[in-house]
Amino acid sequence: MIVCDFDVLRPEQGVAALRPDGSQVAVFLTAEGSVHALDNIDPFSGAAVLSRGIVGDRGGVPVVVSPVYKQAFELATGKCLDEPSVSVAVHQVRVRDGVVELT
Amino acid sequence: MTQTLVVVGNGMVGHRLVEILRDSSWRIVVFGEESRPAYDRVALSSYVDNWNFADLELPTLGGCELRLGEKAVSVDRARKVVVGASGVEVSYDALVLATGSVPFVPPVPGRDLPGCHVYRTVDDLDEIRATVEEASRPGRRSGMVLGGGLLGLEAANALRGMGVSPHVVELAPRLMPIQVDDGGAGLLKRLVEKLDLTVHTGTSASSIERDGSRLIAKLASGLELDLDVVVFSAGIRPRTDLDLGLELGPRGGYLVDAACRTADPHVFAIGECAAVEGVTYGLVAPGYSMAEVVADQLSGGARVFPGADVSTKLKLLGVDVASFGDAHAQTEGALEVVVNNAVAGTYSKLVVSDDARILLGGVLVGDASSYLSLRPLVGKEVPAALLQPGGAVDVEMPADAQVCSCLAVTKQTITDAIQSGVACDVAELKACTKAGTGCGSCVPMLKKLLTECGVEQSKALCEHFTYSRAELFEIIRATRVATFSALIEKHGTGRGCDICKPAVASILASLGNGHILGETQVSLQDTNDRFLANLQRNGTYSVVPRIPGGEITPEKLIVIGEVARDYGLYTKITGGQRIDLFGATVDQLPEIWRRLVDAGFESGHAYGKSLRTVKSCVGTTWCRYGVQDSVGLAIELELRYRGLRSPHKLKSAVSGCARECAEARGKDFGVIATENGWNLYVGGNGGFTPRHADLLVSDVDTEELIRVIDRFLMFYIRTADRLQRTSAWLEALDGGLDHLREVVVDDKLGICAELETAMESHVSDYADEWRGVLEDPEKLARFTSFVNAPGVPDPTISFRAERGQRVPVSLGIPEVVR
């Protein structure tokens with residue numbers, strides 16, 4: 001599924017994409033240029049807002065921080081660093097011919 | 001069956017007892033003669049600062065029946081019933097007498113003349129004020145205070161605050177004869193006489209006579225004083241006019257045993273009306289201690305009164321005075337070590353045992369900073385260094401030493417709380433040990449103990465910067481670095497986080513770096529700033545247009561109504577006199593702003609760590625009592641400081657008279673109108689830790705007011721920690737309010753011109769942030785829910801109706817396994 005042109009992404013910012021089944025994916029571009037995709041729903045609030053979180057690092061690990069209650073999620077694994085038993089699903093994402101795609 | 005406790009007296013000590021017992025199984029009934037709620041009598045002289053009773057009021061206590069304005073007139077101990085002045089009868093299982101004391105008025109002929117007052121209650125001060133205001137003497141008015149003790153000097157200070165030059169008359173050969181020795185009192189006299197006081201010691205008033213509108217007092221020394229007002233503050237006597245047929249102590253007071261119990265096992269007495277094993281106390285700390293004893297007894301305990309530490313440290317007329325232990329060297333063979341520095345204006349005397357090993361007591365005048373370390377050492381071995389001239393006073397305190405003498409908290413209790421991790425800062429220490437919640441003079445010692453226990457909290461902003469926010473502000477200001485990436489590369493590590501990014505974004509905005517959603521800033525902003533609206537629990541946002549001063553035309557009100565209706569926004573009036581519209585999705589925000597901006601609205605910055613509102617009452621325009629145009633000033637202030645990014649949100653209010661309908665003293669900066677101009681209060685807060693704002697300047701005109709607010713805000717923005725409200729900042733500021741005044745009023749640091757320039761550039765560079773998005777297609781493009789499906793509504797957002805409006809359907813939160 002096509003998300004958007006790669007040019008639309010901005011370093012350390014997220015965008016949300018809607019999938020045909022109605023679910024949502026948050027897609028992030030890190031400062032180093034890698035692209036990550038996580039479920040957009042924040043498991044602590046139930047709101048579809050992870051794409052609007054601040055992207056940064058915790059101890060060098062790239063994370064997005066939920067804008068609702070501020071838990072950090074590892075971009076690469078979806079693991080919540082504040083509540084190790086919680087995580088969000090990671091989606092396969094790639095950039096092909098300047099286009100960001102979920103696979 | 002519930003047992004009833006009747007407390008007679010609603011002073012500080014009675015209040016303390018109720019505070020301890022209110023959650024117990026006792027039903028509590030309080031008789032209070034004054035119609036006012038309980039208040040802080042220790043701080044009585046500060047009432048003169050702004051005549052605002054609320055400043056003195058003690059916290060209202062739930063869980064008890066308060067019968068204010070109902071004097072208890074008799075007690076029938078056989079029936080165990082208290083009778084009030086209105087005839088009401090209340091049965092008790094336990095009765096606590098906390099009737100306090102009455103002023104002692106020496107039998108001077110003429111003492112009952114109009115213009116003669118006592119100094120004990122808020123009402124007394126109101127009456128003194130009325131006398132002073134009636135006095136029609138041209139120039140400075142003159143008063144006499146009979147009594148040169150602690151209370152007398154307080155009264156003299158109150159008179160000074162009313163513009164009266166006081167004569168202080170003391171029978172003893174020195175001021176404060178109980179606490180201070182001749183040497184200390186000599187210095188004290190010299191220091192207070194610089195403050196427009198005239199001190200007459202070793203004499204008394206032999207008569208007071210009326211002469212037209214004046215009072216003439218003749219002193220035993222032969223001197224005649226020409227006066228407008230006379231205040232008696234020559235001491236207090238236990239108040240025992242409620243006669244229970246119980247034995248009194250040798251110097252008055254209901255005689256009680258060490259458990260504060262009278263000969264009648266159902267009747268107790270505490271505070272100044274009690275003679276504990278025959279001894280009466282005129283300080284609040286022993287009274288609190290008695291309240292605790294009785295509370296413990298009533299809860300089945302066996303505590304007894306431990307005896308009282310009558311040490312005192314106070315600032316009288318700006319002069320530090322402290323006295324502790326055996327201040328007058330009455331112990332047999334006691335030695336004195338005196339350092340009297342007439343040039344520096346300091347006096348210190350330590351009293352030690354005959355072998356110079358044990359500290360027995362001391363007197364400090366002019367500089368009492370060593371009091372906190374010295375007092376706990378009383379009765380303990382004295383470090384030799386202390387006895388050397390200029391000896392260091394920074395000494396290790398023993399574990400059982402009392403740090404807070406008001407609430408009898410030892411160093412051990414405090415260090416235990418710190419080391420067990422229960423308390424990590426002063427606020428937590430106050431909450432869990434109660435230390436520092438009395439007079440507050442031990443707070444510096446609490447900070448010191450925190451540091452000694454290694455709790456000195458790192459000032460590092462987060463893992464990416466070792467600097468504090470204030471330091472980062474100075475770095476950014478000095479180096480003019482304009483991007484986060486340049487800053488972190490040079491002065492930090494890593495990529496940043498949700499702590500440092502918004503903090504730096506705020507600093508950049510405070511220093512004026514264009515729109516906060518500019519290319520290099522947008523990724524730093526927390527979601528509220530990033531979408532210029534307030535995120536709500538279901539992922540939608542709320543929109544608050546600015547309504548300066550809360551003043552709005554019907555036309556504009558209709559526009560808000562139409563926008564709310566058209567977008568189905570839940571509408572609620574805020575506490576800041578504006579209107580919050582809830583439930584907007586990211587896509588809808590620009591459309592909503594467009595309609596609001598077209599109607600003349602702009603962003604209200606409800607989402608920002610920035611100025612929120614300047615609330616106002618209606619002021620002189622409409623109000624019969626208003627003395628200034630509060631609405632006009634509120635609008636001027638709101639328009640001046642709108643959009644100003646700061647360490648935390650800023651709230652303000654302007655009241656048009658002392659009735660304070662705008663609640664300005666609960667704000668970061670609040671203005672209250674006076675007959676002559678404006679009073680400015682700073683550092684107020686509602687919320688989690690309410691705090692009344694402190695008076696910074698009084699009776700200033702609008703121009704001066706704005707100048708001081710400009711400086712205050714910029715100084716705060718430069719020096720506060722991240723998310724530190726002005727109240728916490730002011731509490732933590734070294735030197736407190738006095739220092740703040742030195743910086744922003746007296747310009748002690750010479751930075752005021754700079755602060756004013758910074759504010760000027762904020763004011764001239766201000767632009768509406770909503771309009772900034774609407775006029776920039778690139779910024780506008782970020783307001784889409786889905787990058788691959790612009791305009792498609794977010795399927796997780798749905799609403800239901802409640803009281804005729806749309807509210808979020810609660811989200812099915814996925815099972816979170818913790």
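In this predicted model, the buried residues of helix H11 of chain B pack against three helices of chain B, namely H12 (484-491), H13 (500-510) and H18 (702-719). Helix H11 itself spans residues 469-479 of chain B, and its buried residues are B:Arg469, B:Ala470, B:Leu472, B:Phe473 and B:Ile476. When H11(B) is viewed down its axis, these buried residues fall within an arc of 160 degrees, and they therefore line one face of the helix. An α-helix has 3.6 residues a turn, so residues three or four places apart point the same way. On the other side of H11(B), B:Ala478 and B:Thr479 are exposed. Just after the helix, B:Arg480 adopts a positive phi of about 55 degrees.

Chain A contains 0 helices and 10 strands. Its pattern along the sequence is accordingly written as β-β-β-β-β-β-β-β-β-β. Of the 103 residues in chain A, 50% are buried. Among the contacts in chain A between residues at least 6 apart in sequence, 40% join residues at least 24 apart.

Within chain A, 4 strands form an open sheet with antiparallel pairing, in the order E2-E3-E4-E8. The edges of this sheet are occupied by E2 and by strand E8 (90-91) of chain A; each has a single partner strand, so one side of each is left without a neighbour in the sheet. Strands E3 (residues 24-29) and E4 (residues 35-39) of chain A are paired in the antiparallel sense over 5 bridges. In this part of the sheet, A:Val27 stands opposite A:Ala37 in E4(A).

The two chains also touch one another, with 35 residues of chain A in contact with 31 residues of chain B. On the side of chain A that touches chain B, the elements that give two or more residues are strands E1 (2-5), E2 (13-18) and E5 (54-58) of chain A. By residue class, this side of chain A divides into 20 nonpolar, 8 polar and 7 charged residues. Strand E2 of chain A thus appears in two settings: it stands at an edge of the open sheet, and it is among the elements that give two or more residues to the side touching chain B.

Methods. Residues are numbered from 1 along each chain as its sequence is written. Chains are lettered from A and ligands numbered from 1 in the order in which they are written. This is a predicted model: local features need pLDDT of at least 70, side-chain atom pairs count only at pLDDT 80 or more; totals for chains, interfaces and linings use all residues. A residue is buried if 20 or more other C-beta atoms lie within 10 Å of its own, exposed if 12 or fewer, and partly exposed in between; C-beta atoms are placed from the backbone. The arc is that of the directions from the helix axis to the C-beta atoms. Two residues are in contact if their C-beta atoms, placed from the backbone, lie within 7 Å. Ala, Val, Leu, Ile, Met, Phe, Trp, Tyr, Cys and Pro count as nonpolar, Asp, Glu, Lys and Arg as charged, and the others, Gly among them, as polar. Two strands pair if DSSP finds at least two bridges between them.
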